[in-house]
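Trainee: I should like to work through this structure with you, one question at a time. May we begin with the terms that we shall need?

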Amino acid sequence: MSEPSIFTRILNGEIPGEILAETDRVFAIRDINPQAPLHALVIPKTEQYRDVTELAAGDPGLMADMVSVAKQIATEHANGEYRLIFNNGASAAQSVFHVHAHVLGNIEEGKLVGF
C-alpha cells in the first residue's frame, strides 16, 4: 500500500495547512508557494485519480464539484473572477500525483508569476 499524498495528510491534520473550504467530496487549501494574491488548491478527498484526465473520465461530477468550490473560493477571497489550472503530468509541472486544481485570483495585469 502506498503512502497517503501530502494533500491527504493535510486533510487528516498530520501536516499543517490552511483549509479554506470543505465539502463532503472536496477541500481547498491555501498554496504554500503562492503565484498570485489568491492561490488556492482544490483537491478531491479521494486519491483515486492521479490527474485531471483520469478524473474527467472517471467522475465528471467530482470534477464539477471542484469547479464549484473554486468559484466559491474566488467569490470569498477575490472578486469572483479566477484562473483555474490543472497541471497534467511531470513535464507539465505536476509534482503531486493526487489530482488538484490551482485557483488564482486578484491578478494584476502582467503580474502573474510562474504558470
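Mentor: Buried means under 20% relative accessible area, exposed means over 50%, and partly exposed lies in between (1.4 Å probe, protein chains only). This is a predicted model, in which local features need pLDDT of at least 70, side-chain atom pairs count only at pLDDT 80 or more, and totals for chains, interfaces and linings use all residues. Residues are numbered from 1 along each chain as its sequence is written, and side-chain values use heavy atoms, with hydrogens and water left out.

Trainee: Is Arg 30 buried, partly exposed or exposed?

Mentor: The relative accessible area of Arg 30 is 29%. Because the class between buried and exposed runs from 20% to 50%, Arg 30 is partly exposed.

Trainee: With which residue does Arg 30 form a salt bridge?

Mentor: A salt bridge is a side-chain nitrogen of Lys or Arg within 4 Å of a carboxyl oxygen of Asp or Glu. For Arg 30 and its partner, the closest N and O atoms are 3.0 Å apart. Arg 30 lies in strand β2 and the partner in the loop between α1 (6-11) and β1, so the pair ties together parts twelve residues apart in sequence (helices, H or I, of at least four residues and strands, E, of at least two are DSSP runs numbered from the N terminus). That partner is Glu 18.

Trainee: Which residues join Arg 25 in one network of salt bridges?

Mentor: Arg 25 forms a salt bridge with Asp 65, the closest N and O atoms being 3.4 Å apart. This pair links distant parts of the chain, with Arg 25 in the loop between β1 and β2 and Asp 65 in helix α3, 40 residues apart. Salt bridges that share partners join Arg 25 into one network with Asp 59 and Asp 65.

Trainee: Which element gives the largest share of the largest nonpolar core?

Mentor: A nonpolar core is a set of buried Ala, Val, Leu, Ile, Met, Phe, Trp, Tyr and Cys residues joined through side-chain atoms within 4.5 Å. Of the 19 residues in the largest one, Val 42, Val 69 and Ile 73 touch the most other members. The elements that give two or more residues to this core include β3 (38-44) and α3 (60-77). The largest share, five residues, comes from α3.

Trainee: What is the relative accessible area of His 100?

Mentor: His 100 lies in the loop between β4 (83-85) and β5 (101-105). Among the residues that His 100 touches, not counting those up to four places away in sequence, are Phe 7, Leu 41 and Val 42 (contact means heavy atoms within 4.5 Å). His 100 is buried, with a relative accessible area of 8%.
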